[in-house]
Amino acid sequence: MVWRYCYKEVLPFTAMATVECLSVGINTLFKAATLKGMSYFVFILYSYTLCTLLLLPFAFIFRRFGSDMCGYNGIKYSSTTLASAFSNLTPAFTFILAVVFRMENLYFRRSSTQAKIIGTVISISGAFVAVLYKGPTLISSSKSNELHQGPLALGTTQTNWVIGGLLFASQYLLLSSWYIVQTQVMKIYPAELIVVFLFILCTTIIAVPVCLIAETNPSAWRLRLDISLVTIIFAGFFGPSFSSVVHTWGLHLKGPVYVSIFKPFSVVIAAAMGVVFLGDSLHLGSVLGAIMLSLGFYGLIWGKAKEEETAREDSYPNLGNTPLLHRHEV
């Protein structure tokens, strides 16, 4: 029973939290590399090619292109903090899509359903606040001006901020859609590594012509011993390959809403790393938006937990009167 509990609860929680930390690390490295001139088309093609090569042997030993384009371009226009704040939209988008595709049931008189609906509304409202209201600077780094200069550096105008926010919203809508599709696929073919390998392989095949056509500068494709190479290798090992395997396994074990609720863990990490390593400034709008997004996230979490508790009580109606020892045995 201890092993079953660890496998069902502790291991998924640890794996999902680790993936979010690694995701913030990749975003931070990517932002730093683009400030030094790396093309995001080059990054996507090289990192996905490396992911495919890494997954090729594992897929047979052990039996997401549009989303990434929006996400990495959004980081280029804005910041990693805004990217992590917008990741809080994933539970809301996933919940809406799960309702549309009848994977989630709505019982309007239940407090769990009301909490999930209110959480969704607050999350989407927080996203609007983060995008449309930048506000005064709360924390500024002395390295900000130095790091944000260069041939590919973008200004921090309100227009760029809004463009970045819209790209992030598109990214997490596509990501939520992918979670729904993955969940259905895993019901038919529950082999996580093979499913992820085929997904990465198809993404790489699509990325090759698109990126080669979009990035026409030959020198951009030359890899040098700098932060660009470090970013590509790090993303290749711990980006789509590792995160997709963990997410697909989590979708199979716990479902799409559980996987999406771990996104908010990255907000504080991204803000700290952005200020320390990238010289990003922290704005009031980002903080207010992140707070609202987090409140919406916790509303969804509470609703989901309450729903699971009700389902357990319906399955074991006499569990509340069962001695503690026998409860663990159940």
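The protein chain exposes about 16,300 Å², an area obtained by the Shrake-Rupley method with a 1.4 Å probe, where for residues only the protein chains shown count as cover. Carbon and sulfur atoms supply 68% of that exposed area. The model is a predicted one, in which local features need pLDDT of at least 70 and side-chain atom pairs count only at pLDDT 80 or more, while totals for chains, interfaces and linings use all residues. Residues are numbered from 1 along each chain as its sequence is written, and side-chain values use heavy atoms, with hydrogens and water left out.

The protein chain contains 15 helices and two strands; these are DSSP runs numbered from the N terminus, with helices being H or I over at least four residues and strands E over at least two. Of its 330 residues, 48% are buried, meaning under 20% relative accessible area, against over 50% for exposed and partly exposed in between (1.4 Å probe, protein chains only).

Confidence comes next. The chain averages a pLDDT of 77, and 84% of the residues score at least 70; pLDDT is the predictor's confidence in each residue, from 0 to 100. Among the elements, helix α6 (residues 111-132) has the highest mean, 88, and helix α15 (residues 324-329) the lowest, 38. Over residues 322-330 the pLDDT is below 50, and this stretch has eight contacts in the model beyond near neighbours in sequence, a contact being heavy atoms within 4.5 Å. Where pLDDT is low, the predicted coordinates should not be read in detail.

The largest nonpolar core has 53 residues. Such a core is a set of buried Ala, Val, Leu, Ile, Met, Phe, Trp, Tyr and Cys residues joined through side-chain atoms within 4.5 Å. F43, I44, Y72 and F86 touch the most other members. Helix α2 (residues 40-61) gives the largest share of this core, nine residues.

Y72 is also one of the residues touched by N27, along with I75 and T80, when residues up to four places away in sequence are not counted. N27 lies in helix α1 (residues 2-35) and is buried, with a relative accessible area of 12%.

Helix α5 (residues 89-100) spans 17 Å from its first C-alpha to its last, close to the 16 Å expected for its twelve residues; the expected span is 1.5 Å times one less than the number of residues. Nine of the twelve are buried, so α5 is largely enclosed by the rest of the structure. Among the buried residues are L89, P91, F93, F95 and L97. R102, which follows α5, has a positive phi, near 60°.
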